[in-house]
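Me: Could you take a close look at the disulfides in this model, and then at the sheet and its helices? I would like one connected account rather than a list.

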Amino acid sequence: MKRAKLDMFVSLSRQRSVQVLIFIGLVYVVMVGLEVPFVFKSGFSLVSQEGFAKSRHLNSKTFVLESEEDVEERKAPNRPLDVPLRVSNQSRPERKIRELQSLLSNLVFDGSSVNMNSTDGFSGILKSAKEAFDVGKKFWEELELHRQEVVPVDNNKTEECPHSISISGLEFLQKGKMMVLPCGLTLGSHITVVGKPKKAHSEYDPKISLLKKGQFLMVSQFMMELQGLKTVDGEDPPRILHLNPRLKGDWSGKPVIEHNTCYRMQWGAAQRCDGWRSRDTEETVDRQVKCENWIRDNDDNHSEQSKSSWWLNRLITGRTKKMSIDWPFPFIEDKLFVLTLSAGFEGYHINVDGRHVTSFPYRTGFALEDATGLSLNGDIDVDSVFAASLPATHPNFAPQRHLDMSNRWKAPLLLDQPVDLFIGILSAGNHFAERMAIRKSWMQHQLIRSSNVVARFFVALHARKEVNVELKKEAEFFGDIVIVPYMDHYDLVVLKTVAICEYGVRVASAKNIMKCDDDTFVRVDAVMKEVNKVPENRSLYIGNINYHHKPLRSGKWAVTYEEWPEEDYPAYANGPGYIISSDIANFIVSEFDRHNLKLFKMEDVSMGMWVEKFNSSRPVQYVHSLKFSQSGCVNDYYSAHYQSPRQMICMWNKLQQQGRPLCCNMR
């Protein structure tokens with residue numbers, strides 16, 4: 001009886017369990033039926049993050065890792081990135097975008113306050129500024145109304161590129177001792193010059209003849225240069241190759257051949273060949289030594305005798321014994337020579353009378369196609385010049401060649417909140433290549449892409465209207481150009497500096513403002529670290545600071561006593577790169593608005609003058625560092641001046657690949 005009851009209870013329990021399981025199953029089916037369309041409708045963002053932790057794409061982040069290089073960059077977030085970071089609105093919802101409508105600077109110059117009859121040294125620049133703003137206003141109105149006459153550009157038209165060029169010495173002289181190479185050079189191109197060095201003459205120039213009064217030096221030298229296009233008014237064209245044979249008159253007292261390059265009137269490190277053969281351990285150029293040897297003696301008889309002796313010994317001994325080849329210096333006064341310059345894979349090669357003399361490696365910053373002219377100056381009579389194996393196509397030097405109109409290089413939008421640092425970059429209207437190189441290099445730094453640091457180019461209007469048309473298009477596309485509406489002039493660069501201060505404090509609301517040039521490479525993270533060393537409540541002035549510098553009273557950069565009556569300049573940071581705090585910038589703009597700001601044609605000296613005046617009422621912490629390099633690039637630099645567009649890319653690539661600030665000083 002008890003067993004029957006127990007069996008009945010077990011049977012009922014099993015039935016209830018089955019019913020419960022069936023009920024649970026039905027509930028599960030209903031829930032799944034409701035969840036599936038919800039998931040498809042709402043997306044997979046509500047699915048457990050654990051399941052997607054192994055996925056390459058996370059909904060909560062916008063980093064798209066597409067290669068091992070991207071993975072390495074993500075592991076090292078402090079290194080600058082080549083690909084701009086795309087920060088989603090979800091990650092920083094509180095950072096609102098600020099829309100800016102005008103391309104023009106808000107800087108207002110009231111020319112009515114200028115006394116045109118004043119003879120004060122500081123008023124001269126104000127007169128020039130008034131005229132420049134008046135012309136600039138007309139140019140801008142023409143741009144806005146599209147009334148300017150622009151010659152249409154036929155992109156299908158190719159400029160003639162002759163395979164060879166030959167001119168006589170007379171024709172060369174009539175063309176200003178210059179032969180135009182319309183399409184530059186290419187690998188294998190060669191130029192042959194037939195000429196005769198002049199006899200030595202008395203040199204009285206104190207820069208060359210450093211002798212006692214009444215004495216003079218006998219000099220015979222000439223310069224053969226491959227030159228590039230002149231890009232800046234008031235500057236010499238770049239020297240892509242400078243070949244300077246010195247028969248007499250060198251400081252060493254011996255014949256010398258010197259090579260060099262020059263960018264923006266700044267010379268690189270010279271290569272001197274003085275008769276000693278390059279060491280076997282020294283690098284070669286296309287397996288050619290940089291310097292061959294020659295007899296280090298100016299006596300022609302001894303040179304000819306040595307040459308004859310060499311041939312006599314060669315006939316007697318044959319080829320079994322290795323003989324050292326000692327030729328005389330390849331150039332002799334009043335004797336004809338045939339010089340051939342050829343473009344190899346690694347550098348230029350110089351042969352004279354069929355014999356290799358020197359080789360010069362290519363320097364970063366220049367390309368063969370940049371060599372669009374050959375000049376010969378100095379103590380030389382040119383008989384003829386012949387260039388052959390020239391390129392068949394012409395490299396377009398129009399802005400379209402330099403500008404990469406890709407959204408990738410557009411500036412991040414300005415956020416509606418203060419920024420840590422605003423960088424104002426002085427540029428000229430026709431410096432398309434310089435601006436594009438900066439966009440592709442240090443303006444891709446993570447701090448700039450995330451808008452914690454903001455960088456803008458400050459450009460005045462160009463004398464050529466077609467340049468202004470292209471500049472306006474560039475500004476509208478990239479969104480990183482502020483146009484200061486006056487006609488550009490070297491002596492008025494200081495107005496761009498005031499415009500940088502105005503934009504930095506009133507538009508970007510920056511804590512600190514940095515000024516640099518468009519040939520300056522900036523390590524943004526290093527600059528920020530230097531700024532952060534100064535307490536936030538202190539006024540600061542950081543850069544490569546000059547103390548007790550005196551104005552030059554003669555020469556190209558002469559300053560008259562009317563322009564600067566004092567014997568010393570105030571302490572000032574070199575213009576290629578310096579930082580001031582926002583309170584100093586605000587003081588400068590306020591003084592400008594009240595017509596109390598003194599302007600000087602050297603903008604870096606002007607800044608030193610303004611900071612000195614501000615320092616009289618509130619202490620300023622001056623921070624001096626040679627790492628804000630004035631004349632090129634130094635190891636562990638903060639900023640490096642005189643960097644060409646190619647050097648910009650080179651330095652950026654070194655930062656990317658090696659993670660260290662290395663120079664590309666081979667110009």
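Reply: A disulfide here is a pair of cysteine sulfur atoms within 2.5 Å, and everything that follows concerns a predicted model. By that rule the chain holds four disulfides, and when the bonded cysteines are counted along the chain, their pairing follows the pattern 1-2, 3-4, 5-7, 6-8.

Take Cys273 and Cys291, whose sulfur atoms lie 2.0 Å apart. The torsion about their S-S bond is about -65°, so this disulfide is left-handed. Cys273 belongs to strand β9 (residues 271-273), while Cys291 sits in the loop between β9 and α6 (300-317), so the pair ties together parts that are 18 residues apart in sequence. Cys273 and Cys291 are both buried.

Cys161 and Cys183 are also joined by a disulfide, with an S to S distance of 2.0 Å. Here the torsion about the S-S bond of Cys161 and Cys183 is about -90°, so the disulfide is again left-handed. This pair links distant parts of the chain, since Cys161 is in the loop between α4 (123-145) and β1 (165-168) and Cys183 is in the loop between β2 (178-180) and β3 (190-197), 22 residues apart. Cys161 and Cys183 are both buried.

Between Cys650 and Cys664 the S to S distance is 1.9 Å. With a torsion of about -80° about the S-S bond, the disulfide of Cys650 and Cys664 is left-handed. It links distant parts of the chain, with Cys650 in helix α15 (residues 645-658) and Cys664 in the segment after α15, 14 residues apart. Both of these cysteines, Cys650 and Cys664, are buried.

Two further cysteines can be placed by accessibility. Cys501 has a relative accessible area of 1% and is therefore buried, the limit for that class being under 20%. Cys516, at 0% relative accessibility, counts as buried as well.

Turning to the sheet, its seven strands form an open arrangement in the order β17-β16-β15-β18-β21-β20-β22, with mixed pairing. The edge strands, each pairing on one side only, are β17 (481-487) and β22 (620-624). From one strand to the next the twist averages 20°. At the β22 edge, strand β20 (residues 539-546) is joined to β22 by five bridges, and the two strands run parallel; one of the residues involved is Ile542, whose bridge partner in β22 is Val623. In general, strands of a sheet pair through backbone hydrogen bonds, either parallel or antiparallel.

Helices lie across this sheet. Helix α10 (residues 465-478) lies across β16 (453-461) and β17, running at about 155° to β17. Helix α11 (residues 493-506) lies across β15 (419-427), β16, β17, β18 (510-517) and β21 (572-581), and it runs at about 160° to β15.

One polar side chain rounds off the account. Gln227 is found in strand β5 (residues 217-227) and is buried, with a relative accessible area of 13%. The side chains of Gln227 and Ser375 are joined by a polar contact of 3.2 Å. Leaving aside its neighbours within four places in sequence, Gln227 is in contact with several residues, among them Met178, Pro237, Pro238, Ile240, Asp370 and Thr372.

Definitions and conventions
Residues are numbered from 1 along each chain as its sequence is written. This is a predicted model: local features need pLDDT of at least 70, side-chain atom pairs count only at pLDDT 80 or more; totals for chains, interfaces and linings use all residues. Side-chain values use heavy atoms; hydrogens and water are left out. Helices (H or I, at least four residues) and strands (E, at least two) are DSSP runs, numbered from the N terminus. Buried means under 20% relative accessible area, exposed over 50%, partly exposed in between (1.4 Å probe, protein chains only). Two strands pair if DSSP finds at least two bridges between them. Axes are lines fitted to C-alpha atoms, for helices over the stretch in contact, and angles run from 0 to 180 degrees between N-to-C directions. Contact means heavy atoms within 4.5 Å. A polar contact is a pair of N or O atoms within 3.5 Å; within protein, one must be able to donate a hydrogen and the other to accept it, and residues adjacent in sequence count only if both atoms are side-chain atoms.
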